[in-house]
Amino acid sequence: MLLEKIQSPDDVKRLSRDELKTLAAEVRTHLIAKLSAHGGHCGPNLGMVEATIALHVVFRSPEDKIVFDVSHQSYVHKMLTGRVSAFTEAAHYDDVSGYTEPSESEHDHFIIGHTSTSVSLAGGLAKGRDLVGGKENVIAVIGDGSLSGGEALEGLDWAAELGTNFIIVVNDNQMSIAENHGGLYANLAELRRTKGQATNNLFRAMGLDYLYVDEGNDVDALIEAFEQVKDADHPVVVHIRTLKGMGYALAEADQERWHWTMPFDIATGELQYTPSGEDYNTLTAVHLLQRMKHDANVCAITAGTPGIWGWTPERRLEAAGQFVDVGIAEEHAVALASGMAKRGAQPVVGVCSSFLQRAYDQVSQDLCINNNPATLLVLWGSLTSMTDVTHLCHFDIPLLSGIPNLVYLAPTNREEYLAMLDWSLSYREHPVAIRVPVGPTQPASRDVPQDFSSLNQYEVVLRGEQVAVLALGNFFGLGESVCRLLRAQGVEATLINPRYITGLDEALLHSLTADHRVVVTLEDGALEGGFGEKIARFYGPTAMRTLCYGARKAFVDRYDPQAFLAENRLVDTLIASDVIEALRC
């Protein structure tokens with residue numbers, strides 16, 4: 001097998017053209033085998049096999065710098081740069097990250113997991129090269145919907161001013177995670193139709209040289225194109241037309257489904273693990289779709305990730321103009337929602353916690369300063385939802401809770417979540433964010449109000465003394481467990497559902513000082529700057545002992561969720577033990 005002999009790009013360069021095609025077939029076979037057992041980004045990597053091989057034939061990595069956008073399509077690059085065993089041997093599948101990682105190899109230059117960054121990062125490498133002296137090629141690889149991101153357009157807008165070697169490979173597979181949206185993709189379609197000859201050319205309009213490759217899954221055509229631009233003395237775009245999911249019929253036929261996948265059966269595509277029961281993501285889309293049928297003002301907005309909150313192609317079609325996908329452009333999504341709310345519509349933006357930080361300025365400036373009543377649904381906000389360092393969902397509470405005018409809510413069950421969502425659509429005083437619970441839906445075990453307009457009023461679920469446990473959102477169940485453990489040791493604790501992340505129920509908190517000695521806060525996110533610190537600050541001048549539980553501030557990568565919770569003492573037995581010890585002091 002050729003692939004087993006590839007330990008560096010030099011080994012790729014030695015192969016004949018026929019051998020390169022054999023190598024491409026072997027790469028696909030092993031990609032599919034690993035993905036079927038391990039899961040990961042399927043379609044993007046299958047579509048980039050030939051292009052990655054050609055890049056390593058023509059250029060001299062790591063001297064020449066290749067920067068992959070998002071880097072979720074860097075699996076083949078890893079296979080050709082000394083990490084092949086991580087794709088051919090099951091025992092080593094977890095040896096590498098799903099994204100570029102400089103600690104793994106000198107061929108990786110950045111830790112990258114968010115979109116639309118490669119042109120700016122690679123442009124920085126090129127400018128640095130020119131400043132300090134160097135002659136290497138710098139190549140940015142971008143595509144898979146990433147061009148719609150604002151940073152990508154900013155980078156392209158500046159790139160021509162560099163005036164020296166800078167190669168931008170645009171991987172045009174006609175897809176984002178779902179279908180592409182936006183006028184620039186219409187221009188790409190025109191360029192594909194005319195095989196690069198259209199007068200209307202986005203890249204030339206930005207002052208960039210341009211080369212089109214119609215057969216972007218043909219090694220020979222790609223090598224010829226890359227040879228043409230190698231060592232160029234000016235910035236140039238190489239626009240390649242590829243097929244997402246190339247070589248695996250199921251992935252070619254349903255490109256949205258196979259963008260990323262859990263482990264699956266290769267023959268049928270059936271997932272090896274299918275979650276059972278209702279989840280909050282599907283619940284959200286189904287509920288909003290019903291609201292849309294009775295209220296034409298309701299509109300759901302996504303930034304290129306409809307699937308993460310249940311918006312299947314069928315539901316998007318049913319919602320018609322009341323569902324908007326702006327492409328990978330979180331900033332635009334939030335500002336758009338602010339404008340819609342100003343005009344009287346009821347926009348709901350669904351965004352993954354990790355991606356929300358990309359739109360911080362718009363949440364603060366365009367939405368909250370203007371106090372426009374849009375709804376933000378923060379999805380997957382949890383210490384356990386995603387564990388790649390580039391996709392951590394730990395930081396949305398510190399991110400949002402300090403912004404004036406924003407009401408940030410943390411529901412604890414299915415009915416409470418739906419009540420908060422419905423209320424947010426009619427509430428006109430402030431923008432509202434809701435931290436959507438994670439995992440299977442949990443039914444309510446107590447009455448749920450339908451109106452949350454009296455802001456910052458916490459719910460006292462159990463009234464006790466000595467100890468009060470404020471269990472926020474996802475961690476309400478943990479709070480219940482802690483209270484049961486304390487009860488077994490003779491401590492009848494007060495259990496509180498705070499509901500409001502952004503505000504304090506000062507009257508309730510003050511009342512606890514009469515018969516409580518310890519207050520415990522539990523939050524499923526980063527501790528520093530979070531909810532617990534607000535409570536601790538309130539009690540600072542008093543004798544109340546405050547124990548705050550959340551995760552330490554750190555960029556952690558590919559951790560075991562349960563071990564991580566234990567390391568941060570986010571375990572009921574450990575918390576109860578701490579409380580008993582505090583009562584002894």
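**Contacts of Pro 449, a parallel sheet and two helix pairs**

When neighbours within four places in sequence are left aside, Pro 449 is in contact with Ala 419 and Arg 499. The model examined here is a predicted one, and in it Pro 449 is found in the loop between β13 (432–435) and β14 (459–462). The relative accessibility of Pro 449 is 30%, and this residue therefore counts as partly exposed, a class that lies between the limits of 20% for buried and 50% for exposed residues. A further spatial relation links Pro 449 to Glu 416, for the two are 33 residues apart in sequence, whereas their C-alpha atoms are 7.6 Å apart in space.

Elsewhere in the chain, five strands form an open sheet with parallel pairing, in which the order is β2-β3-β4-β6-β5. The edges of this sheet are occupied by β2 (65–68) and β5, each of which pairs on one side only. Between neighbouring strands of the sheet the average turn is 20°, when direction is ignored. At the edge formed by β2, this strand runs parallel to strand β3 (residues 138–143) and is joined to β3 by four bridges; within this pairing, Phe 68 has Val 141 of β3 as its bridge partner. Two helices were examined for their packing on the sheet. Helix α7 (residues 118–132) touches β2, β3 and β4 (166–172), and the direction of α7 makes about 175° with that of β3. Helix α9 (residues 183–193) also packs on the sheet, where it touches β4, β5 and β6, and the direction of α9 makes about 75° with that of β6.

At the edge formed by β5, the pairing with strand β6 (residues 235–241) is in the parallel sense and extends over five bridges. One of the residues concerned is Asp 209, whose bridge partner in β6 is Val 236. Although β5 is an edge strand that pairs on one side only, four of the five residues of this strand (residues 209–213) are buried, so β5 is largely enclosed by the rest of the structure.

Two helix pairs were also considered. In the pair made of helix α4 (residues 49–58) and helix α11 (residues 219–229), the axes come within 9 Å and cross at roughly 45°, and the two helices are therefore oblique to each other. The crossing of α4 and α11 is right-handed. On the side of α4, the contact is made by Glu 50, Ala 51, Ala 54, Leu 55, Val 57 and Val 58, and on the side of α11 by Val 219, Leu 222, Ile 223, Phe 226 and Glu 227. By residue class, this contact of α4 with α11 comprises nine nonpolar and two charged residues, with no polar ones.

In the pair made of helix α15 (residues 330–342) and helix α17 (residues 360–368), the axes likewise come within 9 Å, and here they cross at roughly 15°. Helices α15 and α17 are therefore roughly parallel to each other, and their crossing is right-handed. The residues that make the contact are Glu 331, Val 334, Ala 335 and Ser 338 of α15, together with Gln 362, Val 363, Asp 366 and Leu 367 of α17. The residues of the contact of α15 with α17 fall into four nonpolar, two polar and two charged.

Definitions and conventions:
Residues numbered from 1 in each chain as written. Predicted model: local features only at pLDDT ≥ 70, side-chain atom pairs only at ≥ 80, totals over all residues. Heavy atoms only, no water. Axes fitted to C-alpha atoms, helices over the stretch in contact; angles between N-to-C directions. Parallel < 35°, antiparallel > 145°, perpendicular 65-115°, else oblique. Left-handed = near helix turned anticlockwise from the far one by under 90°. Contact = heavy atoms within 4.5 Å. Nonpolar A, V, L, I, M, F, W, Y, C, P; charged D, E, K, R; others polar. Buried < 20%, exposed > 50% of the residue type's maximum accessible area, 1.4 Å probe, protein only. Pairing = 2+ DSSP bridges.
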